[in-house]
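Thanks, everyone; I would like to take a few minutes to walk through one model, with the sequence and the coordinates on the screen.

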Amino acid sequence: MKHWRLILLVSLYVGVVFTAIQVVVQRNYTRGLFVEAQKVEKQRNILTAEWSRLKLQQGTDLNEVRVEAQARRELGMHIPRAVDIRVIKE
């Protein structure tokens, strides 16, 4: 009669120890995931800021007045005079 109680007690003890070890392992795993999530979130914030800056820069670069001034300055382009325009019809 006492033999089965001893087996039950040892089984419960092993179960409690196993469960405690699993809790520690899972907490460590969760901490690792949390740290990784923080790193990814920081990277996402950096990329979001860069994306916003690039969109603003794109809006500035595509400004018609700026494009025309840059074409005149860097490429030496100009708006043709009426006499310089040729219309070709097929």
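Before I turn to the contacts, let me fix a term: by a salt bridge I mean a side-chain nitrogen of Lys or Arg that lies within 4 Å of a carboxyl oxygen of Asp or Glu. Please keep in mind throughout that this is a predicted model.

By that rule the count comes to three salt bridges, and I will begin with the one between Glu68 and Arg72, whose closest N and O atoms are 2.9 Å apart. Both residues belong to helix 2 and sit four residues apart, which is about one turn of the helix. Glu68 counts as partly exposed because its relative accessibility is 35%, and Arg72, at 41%, is likewise partly exposed.

Helix 2 itself covers residues 64–75, and from its first C-alpha to its last it reaches 16 Å, close to the 16 Å expected; just after the helix, Gly76 takes a positive phi of about 70°.

The next pair is Glu74 with Arg73, where the closest N and O atoms are 3.9 Å apart, and both of these residues are exposed. Then there is Asp84 with Arg81, at 3.1 Å from N to O; here Asp84 is partly exposed, with a relative accessible area of 38%, whereas Arg81 is exposed at 55%.

Let me close with helix 1, which spans residues 2–61 and contains Leu6. Leu6 is exposed, at 52% relative accessibility, and it helps make a nonpolar surface patch of about 650 Å², together with Val10, Tyr13, Val14, Val17, Ile21 and Val25. Gln43 is also placed in helix 1, and its C-alpha is separated by 60 Å from that of His3, 40 residues away along the chain.

Key:
Residues numbered from 1 in each chain as written. Predicted model: local features only at pLDDT ≥ 70, side-chain atom pairs only at ≥ 80, totals over all residues. Heavy atoms only, no water. Helix = DSSP H or I, 4+ residues; strand = E, 2+ residues; numbered from the N terminus. Expected span 1.5 Å × (residues − 1). Patch = residues over 30% accessible without salt bridge, like charges linked within 9 Å, V, L, I, M, F, W, Y side chains within 5 Å. Areas by Shrake-Rupley, 256 points an atom, 1.4 Å probe, with all protein chains shown as cover. Buried < 20%, exposed > 50% of the residue type's maximum accessible area, 1.4 Å probe, protein only.
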